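This report walks through one protein chain. It covers charged pairs, buried acids, surface and contacts across the fold.

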Amino acid sequence: MKIAYSPDADIMTIQLREGKPVDSRDIAEGILIHLSARGQPLEIEILGASKVIQKKDVEISIEGLLSHV
């Protein structure tokens, strides 16, 4: 999983898995989900992210990730 934020565009993307999106669906106002040809969710895109998510609400944990390095 990869999470990226573009401050210029105020968009946060959460990549769930690799793949080429072929379809997108609005799941809420300003929140889109990009789907593969098989209908698998690939990425979540949050438009106007600074209005939806605040730094204090974001928690990052790397527990368990280091065992794969």
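Which side chain does Arg 25 meet in a salt bridge? The partner is Asp 23, with 3.5 Å from N to O. The model is a predicted one, and that holds for every value below.

**Confidence and layout**

The protein chain has a mean pLDDT of 85. Of its residues, 78% score at least 70. Among the elements, strand 4 (residues 31-35) has the highest mean pLDDT, at 96. Helix 1 (residues 49-52) has the lowest, at 86.

The secondary structure consists of five strands and one helix. Read from the N terminus, the order is β-β-β-β-β-α. The chain has 69 residues, and 19% of them are buried.

**Salt bridges**

The count of salt bridges comes to two. One is the Arg 25 and Asp 23 pair already named. Arg 25 counts as partly exposed because its relative accessibility is 49%. Asp 23 is partly exposed too, with a relative accessible area of 32%.

The other salt bridge is formed by the side chains of Lys 2 and Glu 18, at 3.9 Å from N to O. This pair links distant parts of the chain: the two residues are 16 apart. Lys 2 sits in strand 1, and Glu 18 sits in the loop between strand 2 and strand 3. Both Lys 2 and Glu 18 are exposed.

**Two buried acids**

Asp 10 is placed in the loop between strand 1 and strand 2 (11-15). Its relative accessibility is 14%, so Asp 10 counts as buried, the cut-off being under 20%. Asp 10 has no salt bridge. The nearest side chain of opposite charge is Lys 51, which is 5.5 Å away. A salt bridge would need a nitrogen within 4 Å of a carboxyl oxygen, so Lys 51 does not qualify. What Asp 10 does have is a polar contact of 2.6 Å between its side chain and that of Tyr 5.

The backbone of Asp 10 also deserves a look. Its phi is positive, about 55 degrees, although Asp 10 is not a glycine. Most residues other than glycine have a negative phi.

Glu 45 belongs to strand 5 (residues 41-47). Glu 45 is buried and likewise lacks a salt bridge. Its nearest side chain of opposite charge is Arg 25, 14 Å away. The side chain of Glu 45 is joined to that of His 34 by a polar contact of 2.9 Å.

The table lists the side-chain pairs described so far.

| Pair | Kind | Distance |
|---|---|---|
| Arg 25 and Asp 23 | salt bridge | 3.5 Å |
| Lys 2 and Glu 18 | salt bridge | 3.9 Å |
| Asp 10 and Tyr 5 | polar contact | 2.6 Å |
| Glu 45 and His 34 | polar contact | 2.9 Å |

**A nonpolar patch**

Which residues make the nonpolar surface patch of about 340 Å²? They are Met 1, Ile 3 and Leu 16. Met 1 lies in the segment before strand 1 (2-6). With a relative accessibility of 73%, Met 1 counts as exposed, because the cut-off is over 50%.

**Pairs apart in sequence**

Next come pairs of C-alpha atoms. Ile 11 lies in strand 2. Ile 11 and Ile 46 are 35 residues apart along the chain, yet their C-alpha atoms are separated by 5.6 Å. Ile 11 has 21% relative accessibility and therefore counts as partly exposed, since buried means under 20%.

Ser 24 is in strand 3 (residues 23-28). From Ser 24 to Leu 35 there are eleven residues in sequence and 5.9 Å in space, C-alpha to C-alpha. Ser 24 counts as partly exposed, at 37% relative accessibility.

Gln 40 is found in the loop between strand 4 and strand 5. Its relative accessibility of 34% makes Gln 40 partly exposed. Where does Gln 40 stand relative to Asp 23? The two are 17 residues apart in sequence and 9.9 Å apart in space, C-alpha to C-alpha. Asp 23 is also the salt-bridge partner of Arg 25.

Definitions and conventions
Residues numbered from 1 in each chain as written. Predicted model: local features only at pLDDT ≥ 70, side-chain atom pairs only at ≥ 80, totals over all residues. Heavy atoms only, no water. pLDDT = per-residue confidence, 0-100. Helix = DSSP H or I, 4+ residues; strand = E, 2+ residues; numbered from the N terminus. Patch = residues over 30% accessible without salt bridge, like charges linked within 9 Å, V, L, I, M, F, W, Y side chains within 5 Å. Areas by Shrake-Rupley, 256 points an atom, 1.4 Å probe, with all protein chains shown as cover. Buried < 20%, exposed > 50% of the residue type's maximum accessible area, 1.4 Å probe, protein only. Lys, Arg positive; Asp, Glu negative; His and termini not counted. Polar contact = N/O pair within 3.5 Å; in protein donor to acceptor, adjacent residues only side chain to side chain.
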